[in-house]
Amino acid sequence: MLNRNVYNDLKKWKNSTGKKTCLLLGGVRQCGKTFIVREFGRQEYESFVEINFIMEPRMKDVFSGNIEVNNIIKRIKLLKPSASFIPGKTLLFLDEIQDCPEARTSLKFFAEDRQYDVIASGSLLGVGFGDVHSIPVGYESRIRMYPLDFHEFLWANGIDEDAISDLKKYSDGLTKVNSAVDSTLIEKLREYMVVGGLPDAVNEYIASGDYASVHEVQERILMDYQDDIAKYAESGDRIKAKQCFLSIPKQLTKDNHKFQYSVVEKRGTARKFANSIDWLTASGMIYVSNNVNTPSFPLKAYSIDDQFRIYLCDIGLYNAMFGYQMKEAIISDKLTGPAKGSDYEALIADIFSKKGYKLYYYKRADSTLEIEFLLEKDAEVVPVEVKAKKGPTKSLNEILKDDNITAGYKLSNRNTGREDKKIILPLYMAMFL
């Protein structure tokens with residue numbers, strides 16, 4: 001079993017006091033939602049009942065008509081005679097709930113009834129509820145699940161939490177990392193770049209150690225995502241959303257990483273493609289990073305809506321879009337040129353996004369100044385410059401002259417260090433920021 005941080009979030013929800021809500025677990029397809037809820041239900045409850053509305057379409061009828069809780073339970077038992085509902089000790093799991101809008105409405109009544117805990121999950125919760133008659137506002141809590149992050153990837157590869165905690169001490173104290181440890185972490189980071197964090201890919205890598213087999217898994221997932229676009233996107237946006245999705249590698253490897261509609265289609269415009277970008281964002285397939293006109297808190301107030309970069313939801317999947325030879329180039333450290341810089345930028349976007357950060361960047365049109373990431377922490381802006389190789393950080397040095405910015409980070413292949421307000425960390429330590 002892959003250890004996942006979200007398991008602790010599920011336990012906190014289960015043990016919460018006061019008004020109990022149903023839980024809506026979102027996340028991109030195949031990030032491990034179904035597996036983790038099954039494990040949680042079997043480990044933490046006396047009884048676990050699962051309904052998957054795609055695999056069991058007849059179960060949609062359970063939520064038609066009168067959706068008072070006792071009526072729903074009676075109907076479930078008729079269709080699932082083995083289902084056991086023990087008040088206070090049962091978890092009901094409604095999977096792929098986007099295919100049954102009436103089940104979403106029923107969450108209010110389960111929350112009011114309080115006899116049974118309910119987790120609802122789905123891959124496209126942000127886009128798949130157009131027919132819900134009544135959104136149960138105030139009766140559901142939300143948790144977003146991501147593919148494995150680098151921290152979880154290390155767990156999966158046999159590096160325990162004690163070793164990771166020791167590594168964090170190097171980060172906190174800015175002390176030099178032992179060369180053998182440093183080399184091992186760089187190797188693991190490259191493995192993460194090509195395998196990524198989608199559980200099927202990670203499990204295949206652990207089982208076989210074969211990058212070709214991993215690539216086959218990733219190609220299947222990429223096709224699944226495109227199938228989701230064809231199934232769930234609005235009819236007028238399906239082809240356009242797929243075009244935007246497939247353009248991501250070209251968008252990030254060009255000189256200006258800003259998303260340009262003309263890369264999607266010659267003379268493409270926001271008017272034609274903006275809805276497609278919104279859909280892909282809501283689906284969880286992509287993360288959007290907006291440029292800001294000033295690096296000041298709160299960044300949202302200075303966000304430039306029509307200047308943004310797009311990153312795929314998983315670094316391994318992103319690199320799979322380039323083909324198998326990309327894996328060989330990364331693992332052997334033969335990747336060069338703009339592709340290398342953009343790949344490490346995509347890696348850090350992956351790490352930050354999976355930690356829950358909203359992404360921003362800073363690039364001025366009238367200068368070469370560019371900061372790949374601006375984070376918000378303790379009501380302050382923290383600039384982060386990413387270097388795929390050793391080199392100067394002119395942009396970071398310039399922005400650190402701002403008295404309102406107390407510190408900034410350079411992530412590169414260098415060991416730890418500090419130069420006044422600039423903190424230097426190896427790329428793999430981005431997981432601690």
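Let's start at glycine 408, which has 0% relative accessibility and therefore counts as buried; the cut-off for that label is under 20% relative accessible area. Keep in mind as you look around that this is a predicted model. Glycine 408 sits in strand β12, which covers residues 408–412. Leaving aside residues up to four places away in sequence, glycine 408 touches Pro383, Leu396, Leu400, Lys421, Lys422 and Ile423. You can also look across to valine 381: its C-alpha atom is 8.8 Å from that of glycine 408, with the two positions 27 residues apart along the chain.

Now zoom out to the whole protein. There are 17 helices and 14 strands to find your way through. The radius of gyration comes out at 23 Å, close to the 22 Å that the globule rule gives for 433 residues, so the protein is as compact as a globular protein of that length. Its C-alpha atoms fill a box of roughly 70 × 55 × 45 Å along the principal axes. Of the 433 residues, 55% are buried. As for contacts with a separation of 6 or more, 69% of them come from residues 24 or more positions apart.

Next stop, helix α7. This one runs over residues 179–195, so to speak 17 residues' worth of helix, and spans 24 Å from first C-alpha to last, close to the 24 Å expected at 1.5 Å a residue. At the N-terminal end of α7, asparagine 178 acts as the cap, with a side-chain oxygen 2.8 Å from the backbone nitrogen of alanine 180. Which residues of α7 are buried? The list is Asp182, Leu185, Ile186, Lys188, Leu189, Arg190, Glu191, Tyr192, Met193, Val194 and Val195. Just past the end of α7, glycine 196 adopts a positive phi of about 75 degrees.

Finally, have a look at an open sheet of four strands, ordered β7-β6-β8-β9 and with mixed pairing. Its edge strands are β7 (303–312) and β9 (370–371), each of which pairs on one side only. Strand β8 (residues 360–363) runs antiparallel to β9, and two bridges join them. Lysine 363 has glutamate 370, in β9, as its bridge partner. Helix α13 (residues 270–283) packs on this sheet, where it touches β6 (286–292) and β7. The direction of α13 makes about 120 degrees with that of β6.

Technical notes: Residues are numbered from 1 along each chain as its sequence is written. This is a predicted model: local features need pLDDT of at least 70, side-chain atom pairs count only at pLDDT 80 or more; totals for chains, interfaces and linings use all residues. Side-chain values use heavy atoms; hydrogens and water are left out. The expected span of a helix is 1.5 Å times one less than its number of residues. Buried means under 20% relative accessible area, exposed over 50%, partly exposed in between (1.4 Å probe, protein chains only). A polar contact is a pair of N or O atoms within 3.5 Å; within protein, one must be able to donate a hydrogen and the other to accept it, and residues adjacent in sequence count only if both atoms are side-chain atoms. Two strands pair if DSSP finds at least two bridges between them. Contact means heavy atoms within 4.5 Å. Axes are lines fitted to C-alpha atoms, for helices over the stretch in contact, and angles run from 0 to 180 degrees between N-to-C directions. The radius of gyration is taken over C-alpha atoms; the globule rule is 2.2 Å times the number of residues to the power 0.38.
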